[in-house]
Every structure is written in C-alpha cells, then in structure tokens.
Amino acid sequence: MNILCNCLAQTDCSHLSFHHFLTFSPCYINECETIPDACKGEMKCFNHYGGYLCLPRSASVIPAPEPPITPTEAFNPCPVGYEPQGDSCVDVDECERDEHDCQPSQQCINTLGAFTCQCPDGYRKVGTECIDIDECRYRYCQHRCVNVPGSFSCQCEPGFQLAGNNRSCIDVNECEMGAPCSQRCYNTYGTFLCRCDQGYELGPDGFACNDIDECSYSSYLCQFQCVNEPGKFSCVCPEGYQLLGTRMCQDINECETGKHQCTEAQTCVNIHGRYQCVDNNRCQDPYVQVSENRCVCPVNKPACRDLPFSIVHRYMSITSERSVPSDIFQIQATSVSAGAYNTFRIRSGDDNGDFYIRQINNISAMLVLARAVSGPREYTLDLEMVSVNPLVSYQGNYQTSSALRLSIYVGPYTF
C-alpha cells in the first residue's frame, strides 16, 4: 500500500502496520521569494530546507542537495542507525555505505546511531548549509585582508612585503632592490628617497639628477669666463692670464717666466695679458744714449736748442675701463738746482686729452687718467719738467727742461 502524507494535511498514519511501505512527499517553501524584504539592510536571503537565512552579501554558501525520496525500508527492530546482526544490534556506518546527505565538499563522520557532516576549514555550519567564515572581520592581517571562499589572504601597502607568517608586513629596502635613483638612494619606512650629489638637482620625476648650470645663475662667479661642467663649474682666464685661486685672473709675467721671444738687444716689458720687446737703445738723433734708459741731447748740437736736455724711458701697463680720475704715475725730479722753479706738463702724445698733470710740489707731479679708456691700446707720452732759475745764466738763457717718455699699455680687460 502506498499512502501519500502531505505536509499540510492532517493525515493520521498511525494505523499503518510496519510491513507497509510508506512514501513521503515533502513540500518546500522558498521564503526568499514569497516573503517581501525577508532580509533587511545589506543582508542577503539564503533559502534552505524548512526556513531561510539572512547573511552578509559577501558570504558564500555551499548549498545542500535536495534530500532524496527513498522508500521506507522493512521493519527494523533496532533503533535508528543500527541494524540487527544475529540477536544484537550493531551501528550502521552511513559514511562507509554512502547513506548520508553530506554535501560533496563536506566530510562525513560516523557516530553511534547516526553521522555528522563537517564543513571544510574556513566554513561554519548553519543548519544544513556551510557558510563561509569572513576571517577579515577578525583583523588577522596587519595591512589589508582579502576574504575568499573558505580562506583569506593578507596584502601589504606599497613599500612593504609579507613576512614569513603571511600576516605581518615588513618594510622593503627599495635601495637594495634596484630603486630607480640615478645617484643616491635613501630607504625610509614604506618608501625611499632619491638625492643628488653636489652640483645636481632632483628632476620632476623624483628619480633623475640633472646638472645645475651654475654659470647661468650669476655673472660674478668668475672674473673672466665661467665654464659649466657635470656637477660643477670652473673658471678660465684669457690667454696671457692664469687663475689666482678659483675665480680670479692674474697676469702672467712672461718676462719673469722666460716665456718670451725678445732678443739680447731688446728688453722684455711685461704688460697686461702679454709682453712687449723694446730696443735697448731707443735714443733717436740728435739724442745719444748715456745709460740703459736715458738719452741726452748735447748742448753743442744746434738741433738740441729747443729740445729737452734729457729723455728717460719708462714703461707701464693699466687695465681697461679704469675708474677716473685715477692717479697712475708720479713724476719725481732727481736733481734740482738751488733757486730753480719747476713746472710739469704733457709735452706730446695726449692728442685726445685722456690725461692731465697735477703738480704736487716743486719737484714732483702726478699723471692722472682723465677718461676711461679701453684696450688693447698704447700711449707714448712725453712728460716734461721745465726748470727756470733766475740766479743762473747759461748762454743768456736760464730755462732748461728734461722729459720722461712714458709708454702706457692699456690691457684688453678690466683685470
């Protein structure tokens, strides 16, 4: 006899004897579909046999298979989960006989008279369902936790790496792992910094070091010319000059170093940036040489009547664009007759009025640069001292003069 007992009908099946085969047809209601808003907020509805669950949306559920509809077995005088064996009842191993309803992912564990279904690691059993355990809720990770079905993984922020326990985060030394710093690298907690050597500056990308053009920052770094080099700069001087320290230029005295080409019949005169070879005897007729740089015009020569009695040769060098007025040369009488009055003047060579004489006293005067001049340029000035002595009469004329022939070389630079 087959009798259908509906779960909603009140059918009395107590009159049935144990030798009858009884078949049940359970009915299932999906509350998640029939109950409006079965779960509130961020909870998700999961239907299961005989009810439903409200779980977080991140939860993962391993659904249980529908229970099979099996016919009832023959009368068993032993308790449920046991079977007769001779005159006694022995436990039935449902797990071994595959007579259980554990899910494929679950482990069946036999017990006396029954069995239990154990969920995999990372899941917990709720009713007949295995619900994923959100390990991230328990803050197992130092930085970031990523929940996955049945497990979780820890992740670290940039600049860190997982420690051996797969949960803690330790700093990464990027400097030892090929950080893209072009010069110097400094490791810091969670990151790194790039730094540059002196003479370089860090580029916009924070990694590359670009050379600093120091010469473009100031025109006063070098006296003459600044030359930019990788990471530094250097000063150079023009030909005829040498560096004094790191930025100043000093004239090279070729006459002292021997780096000149003057002959034995010439004298080397050092000037700014170069040298000049002058003849040892620069006396011109009617003058005759009486010493190394002094020429005398004999009084017995008619041509000497209107000329200075003596001429002394001197040489000097000045820089370009010298501030004016500027005292540049002092004239000093070497011998003066008693009662003589001396006056000083520029006899020749100053056609443009670049100089003037400032008399200091009866025996000396100062040559003054009146206007700024640029070189290279050369002046030859005859500076004359006129002596008037009313107490002495010489051939009816009591006036005599002597001259200093000054060669002035103006250098090409202001130094």
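Two strands are said to pair when DSSP finds at least two bridges between them. Keep that in mind for the close-ups below, which all come from a predicted model.

**Figure 1. Three strands of the predicted model form an open sheet in the order β29-β32-β31.** The pairing in this sheet is antiparallel. Strands of a sheet pair through backbone hydrogen bonds, either parallel or antiparallel. At the edges you will find β29 (326-332) and β31 (355-359), each pairing on one side only. Neighbouring strands here are turned by 30° against each other on average, direction ignored. Between β29 and β32 (residues 364-369), six bridges hold the antiparallel pair together. Strand β32 also has the highest confidence in the protein, at a mean pLDDT of 98.

**Figure 2. Leu369 sits in strand β32.** Its bridge partner is Ser326. Leu369 has a relative accessible area of 0%, so it counts as buried. Not counting residues up to four places away in sequence, Leu369 touches Ile318, Arg322, Val324, Pro325, Ser326, Ile328, Asp354 and Phe355. If you would like a distance to check on screen, try Gly353: from C-alpha to C-alpha, it is 9.3 Å from Leu369, with their positions 16 residues apart in sequence.

**Figure 3. Strands β10 (residues 123-126) and β11 pair in the antiparallel sense over four bridges.** The two strands form a hairpin with two residues between them. In the turn, Gly127 has a positive phi of about 65°. Val126 stands opposite Glu129, which belongs to β11. Follow the side chains along β11 (residues 129-132): Glu129 and Ile131 point one way, while Cys130 and Asp132 point the other way. Residues on both sides are buried, as all four of these are.

**Figure 4. Gln106 lies in the loop between α2 (94-97) and β8 (107-111).** Is this loop residue buried or exposed? Gln106 is buried, because its relative accessible area is 10% and the cut-off for buried is under 20%. Leaving aside neighbours within four places in sequence, Gln106 is in contact with Cys117, Gln118, Cys119, Thr128 and Cys130. One of these contacts, Cys130, is a residue of β11 from the previous view.

**Figure 5. Asp98 and Glu321 both have a positive phi, and neither is a glycine.** Most residues other than glycine have a negative phi, and most peptide bonds are trans. For Asp98, phi is near 60°. Asp98 lies in the loop between α2 and β8, and with a relative accessible area of 57% it is exposed. Glu321 has a phi of about 55° and is found in the loop between β28 (310-318) and β29. Glu321 is partly exposed, at a relative accessible area of 44%.

**Figure 6. Cis peptide bonds join Asp285 to Pro286 and Gly375 to Pro376.** For the bond between Asp285 and Pro286, omega is about 15°. Pro286 has its place in the loop between β25 (274-279) and β26 (288-289). For the bond between Gly375 and Pro376, omega is about 0°. Pro376 is found in the loop between β32 and β33 (377-388).

**Figure 7. UniProt, in an unreviewed entry, places the feature "domain: EGF-like" at residues 91-131, 132-170 and 211-250.** In the model, the span 132-170 is 0% helix and 41% strand, and its end C-alpha atoms lie 29 Å apart. The span 211-250 is 0% helix and 45% strand, with its end C-alpha atoms 29 Å apart.

**Figure 8. The whole protein has three helices and 34 strands.** Of its 415 residues, 30% count as buried. The protein exposes about 26,300 Å², and carbon and sulfur atoms supply 51% of that area. Among contacts with a separation of 6 or more, residues 24 or more positions apart account for 36%. How much trust does the predictor place in the protein, as a mean pLDDT? The mean is 87, and 88% of residues reach 70 or more. Please take more care at the start of the chain: pLDDT stays under 50 over residues 1-26, for which the model has 21 contacts beyond four places in sequence. Confidence is lowest in strand β1 (residues 4-5), at a mean of 33.

Notes
Residues numbered from 1 in each chain as written. Predicted model: local features only at pLDDT ≥ 70, side-chain atom pairs only at ≥ 80, totals over all residues. Heavy atoms only, no water. Axes fitted to C-alpha atoms, helices over the stretch in contact; angles between N-to-C directions. UniProt positions renumbered as here; feature names shortened; annotations may be inferred. pLDDT = per-residue confidence, 0-100. Contact = heavy atoms within 4.5 Å. Buried < 20%, exposed > 50% of the residue type's maximum accessible area, 1.4 Å probe, protein only. Areas by Shrake-Rupley, 256 points an atom, 1.4 Å probe, with all protein chains shown as cover.
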